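Biologist: Could you take me through the nonpolar core of this one, up close? Start with the overall picture, then zoom in.

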Amino acid sequence: FFFNDPATTEIYTEQIVGSVRCVQETVFKVYFRGCKVGEFYREITSTCEVCSRGKYTVSDNQSFCKDCMTNVSQCNGGNQLVLNPGYWRYNTSTDYIQECLNNQKNCLGGFESNCLRGHIGPYCQECDIYGALWQQKYGPGMGPTCVKCDLQSNLSTLFLLSLIHISEPTRLLSISYAVFCLKKK
């Protein structure tokens, strides 16, 4: 590749002033950009071209486009890989695509590897406990699902554990610890 190497052109101008001949040299350096994500370098024409439909690149300065994979539902050329539901990738700059094994329903696929609401992280297996993505907190539910945390469900759980605490004096220590953990949140 000749990316970022300067192309040099020299221009000479000659001027005669009286009996003095003056030659002036002007040097131009032109820098060309490398191929961007979604493009490949075509050596025959020395140009960058966008990958055609059914092919892609996900990094700069590639010499060829790759064929789209079977776990991609749409491959519109360039870097546009739209994943099938049930698949995940870390970001749009990688073509390392993995199947979501624990619960395929949590992985919605798409260009940016979307997760089911409440789910985040690798393979959409984590719950958004801080509300960082979904602007609401989600916690682990029954099975591999995340449920929205709300004040009502926390109060109901706290009330139920309080009743158990009162009615089960033999398990006082472990129940008290569970109630303390809930109050601490």
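Modeller: Secondary structure first: this predicted model has 2 helices and 16 strands. The protein runs to 185 residues, and 25% of them count as buried. Among contacts with a separation of 6 or more, 27% link residues 24 or more positions apart. About 13100 Å² of the protein is exposed, with carbon and sulfur atoms supplying 56% of that area.

Now the part you asked for. The largest nonpolar core holds 7 residues: Tyr-56, Val-58, Val-72, Cys-75, Leu-81, Leu-83 and Ile-97. Two strands, β7 (72–75) and β8 (81–83), each put at least two residues into this core. Leu-83 is a handy place to stand and look around. Skipping neighbours within four places in sequence, Leu-83 is in contact with Val-72 and Ile-97, both of which also belong to the core. The contact list of Leu-83 further includes Asn-71, Ser-73, Arg-89, Phe-111 and Ser-113, plus Gly-109 and Gly-110. Trp-88 is on that list too, and Trp-88 sits in a second, separate core of 5 residues that also includes Cys-100, Cys-115 and Cys-124. In soluble globular proteins, nonpolar side chains tend to be buried together.

For contrast, have a look at the surface. Ile-11, Phe-28, Val-30 and Phe-32 make a nonpolar patch of about 360 Å² there. Phe-28 lies in strand β2 (residues 20–31), and Phe-28 counts as partly exposed because its relative accessibility is 42%.

Note on methods: Residues numbered from 1 in each chain as written. Predicted model: local features only at pLDDT ≥ 70, side-chain atom pairs only at ≥ 80, totals over all residues. Heavy atoms only, no water. Patch = residues over 30% accessible without salt bridge, like charges linked within 9 Å, V, L, I, M, F, W, Y side chains within 5 Å. Areas by Shrake-Rupley, 256 points an atom, 1.4 Å probe, with all protein chains shown as cover. Salt bridge = Lys/Arg side-chain N within 4 Å of Asp/Glu carboxyl O. Helix = DSSP H or I, 4+ residues; strand = E, 2+ residues; numbered from the N terminus. Buried < 20%, exposed > 50% of the residue type's maximum accessible area, 1.4 Å probe, protein only. Core = buried A, V, L, I, M, F, W, Y, C linked by side-chain atoms within 4.5 Å. Contact = heavy atoms within 4.5 Å.
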